[in-house]
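Thank you all for making time this morning. I would like to walk you through one structure, going sheet by sheet and then into the interior, and I will try to keep to what the coordinates themselves give us.

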Amino acid sequence: MEQATLELTVGPVAHGGWCVARHEGRVVFVRHALPGERVVAEVTEETSRFLRADAVRIIEASPDRVVPPCPYAGPGLCGGCDWQHATLEAQRALKADVVAEQLRRIAGVERKVVVEEVPGAEDGLGWRTRVQFAVRPDGRIGLRRHRSHDVQPIDACLIAHPEVEAVGAEAHDWPGARAVEVIASSGGERAVVVTPRPRRPAVVPDLDAPAAILLDEGKGKTVARRGSGVLRERAGGREFRVAGSGFWQVHPGAAETLLDAVLAYAAPEPGEWALDLYCGAGLFAAGLAEAVGPDGAVFGLESDAAAVRDARANLRDLPQARVERGRVEDALDRYGIERADLVVVDPPRAGLGRDVVDRIAALRPSRVVYVSCDPATLARDLDRLAGHGYPLADLRAFDAFPMTHHVECVALLVRAS
């Protein structure tokens, strides 16, 4: 069936890589457009409340529009990049507008937001050090199309780090694999994590550059089939081990940038008692532990078993730091945590949620530093923390994911006197 097309005047940016337009009184969320443009858009989805559409022809272009550098960035193609058709300056302005709008609408906070460049990707390309490829049943590798399980075959990803592309994953078929993740660490190693299809052995092709081969056995467990299952990352003058496909910032400059921002806001003093919730491999816990010194203490919580093992290894030279496994929702009570001078949180995209906000506020820290990859859940949690007497004191935003709609924020909340 032929898809409906609409001629639209594009309005402001919306969270998620869309712009907002209207047609006959209905909201239309449009991709591949920019505010102020006049476009012909093809409807891709219709609900009772709104439409989704792709701009397939530009009638009147924005001065911020550029030709996407990647041939797979466009309607119906790869869904990984949202803003390749905009200049980097325009992309950051759009992300700043999204963060400011979410703060205003959800948290009632009026704030001018500036999205800062993260060192290491001056042209917005070649930054992604961890790329998750999907594999079709015939073994052809690619990336998911937007809001689809369909795989777009590609021969190169322009936002992938050069060391990821050196592996040449896209040049080979991957029979028996369901997904392939290629990782290039700041310590100079490469790894390929293969997720096999059910009841089918995954065949690993001869790669273009040496890389460890890890098999994903599910539930966060990976087994090394060739080479080491551990990668080395560097930040804050320290080396961190990260097992398999464990979490680490994908932009090569993000870990250092976020660590500096967190420590500047947290301002840890010798002898203080700090919490690092959702601590991952211990990046922030290490910086906090060095600052509070042997007379202070840092308690980290993380639900992922492999990340806990990594964090304990990464912090073994800092006896004032302790990391335990558990869900933040119940582990604080289980470990008898009743107070803290400061709390750092770096939750997943879903944010903290009401129970965790309530529990953090009950600890009565003097300051809370919140690292977020989702401005909507951040705004929701900031509103709840403000209700407990922790208003937003400052916020920085970072372009840790150029060409995409994603943005990283670090917020400081200070207990009201």
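**The sheet that begins at the N terminus**

Let me start with strand β1, which pairs with strand β5, residues 38-46, in the antiparallel sense over 5 bridges, and within that pairing leucine 6 has alanine 41 of β5 as its bridge partner. I should say at once that what you are looking at is a predicted model, and that everything I quote is computed from it.

Moving across, strand β4, residues 26-31, pairs with strand β6, residues 50-60, and here the sense is parallel, again with 5 bridges; valine 30, for instance, has alanine 53 as its bridge partner in β6. On the pairing of β4 with β3, residues 18-23, the sense is antiparallel, over 5 bridges, and arginine 22 is matched there with valine 27 of β4. These two strands, β3 and β4, make a hairpin with 2 residues between them, and in that turn glutamate 24 has a positive phi of about 50°.

Put together, this is an open sheet of 6 strands with mixed pairing, in the order β1-β5-β6-β4-β3-β2. The edges are taken by β1, residues 5-9, and β2, residues 13-14, and because each has a single partner strand, one side of each is left without a neighbour in the sheet.

**The eight-stranded sheet and helix α5**

There is also an open sheet of 8 strands, likewise described by mixed pairing, and its order is β7-β22-β23-β21-β20-β17-β18-β19. Its edge strands are β7, at 115-117, and β19, at 321-325, each of which pairs on one side only, and the twist from one strand to the next averages 20°. At the β7 end, 3 bridges join β7 to β22, residues 392-399, with the two strands running parallel, and glutamate 116 has phenylalanine 398 of β22 as its bridge partner.

Towards the other edge, helix α5, residues 305-314, packs on the sheet, where it touches β18, residues 297-302, and β19, and its direction makes about 165° with that of β19. How much of α5 is covered? Mostly, in that 7 of its 10 residues are buried, namely Ala306, Ala307, Val308, Asp310, Ala311, Ala313 and Asn314, and what covers them includes β16, β18 and β19. The N-terminal end of α5 is capped by aspartate 304, which has a side-chain oxygen 3.3 Å from the backbone nitrogen of alanine 306.

**Annotated positions**

The UniProt entry, which is unreviewed, carries the annotation "binding site" for Gln249, Tyr278, Glu302 and Asp346, and I will take two of these.

Glutamate 302 sits in strand β18, and it counts as buried because its relative accessible area is 12%, which is under the 20% cut-off. Beyond four places in sequence, glutamate 302 is in contact with Tyr278, itself one of the annotated positions, and also with Cys279, Gly280, Ala307, Val308, Glu324, Arg325 and Gly326. A polar atom of the glutamate 302 side chain lies 2.8 Å from the backbone nitrogen of glycine 280.

Glutamine 249, by contrast, lies in a loop, the one between β16, residues 238-243, and α3. Is glutamine 249 buried or exposed? Buried, because its relative accessible area is 8%, and again the cut-off is 20%. Its contacts, leaving out residues up to four places away in sequence, are Thr129, Ala254, Ala255, Leu258, Phe401 and Glu408.

**The interior**

The largest nonpolar core has 71 residues, and those with the most contacts inside it are Trp174, Val192 and Val410. The largest share of this core, 8 residues, comes from helix α3, residues 254-266. Among the contacts of valine 410, setting aside neighbours within four places in sequence, are Leu258, Ala261, Val262 and Tyr265, together with Leu395 and Phe398. A second, separate core of 39 residues includes Ala107, Ala331, Ala379 and Leu395.

Finally, glutamine 102 in helix α1, residues 88-107, is a polar residue that counts as buried, at 3% relative accessibility. Its side chain makes a polar contact of 2.7 Å with that of glutamate 101, and farther along the sequence glutamine 102 touches His15, Ala107, Pro375, Ala376 and Ala379.

Note on methods
Residues are numbered from 1 along each chain as its sequence is written. This is a predicted model: local features need pLDDT of at least 70, side-chain atom pairs count only at pLDDT 80 or more; totals for chains, interfaces and linings use all residues. Side-chain values use heavy atoms; hydrogens and water are left out. Two strands pair if DSSP finds at least two bridges between them. Helices (H or I, at least four residues) and strands (E, at least two) are DSSP runs, numbered from the N terminus. Axes are lines fitted to C-alpha atoms, for helices over the stretch in contact, and angles run from 0 to 180 degrees between N-to-C directions. Contact means heavy atoms within 4.5 Å. A nonpolar core is a set of buried Ala, Val, Leu, Ile, Met, Phe, Trp, Tyr and Cys residues joined through side-chain atoms within 4.5 Å. Buried means under 20% relative accessible area, exposed over 50%, partly exposed in between (1.4 Å probe, protein chains only). UniProt positions are given in the numbering used here, feature names are shortened, and annotations may be inferred rather than shown by experiment. A polar contact is a pair of N or O atoms within 3.5 Å; within protein, one must be able to donate a hydrogen and the other to accept it, and residues adjacent in sequence count only if both atoms are side-chain atoms.
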